[in-house]
Amino acid sequence: MKHGTHPAIVARLKRANGHLAGILAMFAEGRPCVDLAQQLHAVEKAVSNAKRELVNDHLEHCLDEMERKAAVREFKALSKYL
């Protein structure tokens, strides 16, 4: 199911993907570990934010439309990714 927020999430993930490619180049260049760790942290944060937006969107739009028992099952399944 596609939601209105999916294009923004995809854009975030594409930026993170490009950033990750840059980090791989930094490794090849022999950049300092502190710089690498900082950039890896930024990518990790970007992916985490994309996941949070996806889960929040799902909770707001999909669970609202389900019957209570199905919504609870769905929430339990989602909670392992939080």
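Leu20 sits in helix H1 of this predicted model. At 35% relative accessibility, Leu20 counts as partly exposed, because partly exposed covers the range between under 20% and over 50%. Leu20 also belongs to a nonpolar patch on the surface, shared with Leu24, Phe27 and Leu40. Together these residues show about 380 Å² of accessible area. Helix H1 supplies the largest share of the patch, with 3 residues.

Charged residues come next. Side chains of opposite charge can pair when their charged atoms come close. Here the count of salt bridges comes to 3. One of them joins the side chains of Arg12 and Glu53, at 3.2 Å from N to O. That pair ties together distant parts of the chain: Arg12 lies in helix H1 (residues 6–29), while Glu53 lies in helix H2, with their positions 41 residues apart in the count. Arg12 is partly exposed, its relative accessibility being 29%.

Arg31 takes part in salt bridges too. With Glu29, the side chains meet at 3.6 Å, again taken from N to O. With Asp35, the closest N and O atoms are 3.8 Å apart, which still makes a salt bridge because the cut-off is 4 Å. Put together, Glu29, Arg31 and Asp35 are linked in a network of salt bridges. How open to the surroundings are these residues? Arg31 has a relative accessible area of 37% and is partly exposed. Asp35, at 25%, is partly exposed as well. Glu29, on the other hand, reaches 55% relative accessibility and so counts as exposed, since the exposed class begins over 50%.

Back in the helices, His58 is found in helix H2, which runs over residues 33–61. Is His58 buried or exposed? With a relative accessible area of 16%, His58 is buried, because that value falls under the 20% limit. The side chain of His58 makes a polar contact with the side chain of Glu74, at 2.8 Å. Leaving aside residues up to four places away in sequence, His58 touches Leu63, Glu74 and Leu78. Glu74 therefore turns up both as a polar partner of the His58 side chain and among the residues that His58 touches, contact here meaning heavy atoms within 4.5 Å.

Methods:
Residues numbered from 1 in each chain as written. Predicted model: local features only at pLDDT ≥ 70, side-chain atom pairs only at ≥ 80, totals over all residues. Heavy atoms only, no water. Helix = DSSP H or I, 4+ residues; strand = E, 2+ residues; numbered from the N terminus. Buried < 20%, exposed > 50% of the residue type's maximum accessible area, 1.4 Å probe, protein only. Polar contact = N/O pair within 3.5 Å; in protein donor to acceptor, adjacent residues only side chain to side chain. Patch = residues over 30% accessible without salt bridge, like charges linked within 9 Å, V, L, I, M, F, W, Y side chains within 5 Å. Areas by Shrake-Rupley, 256 points an atom, 1.4 Å probe, with all protein chains shown as cover.
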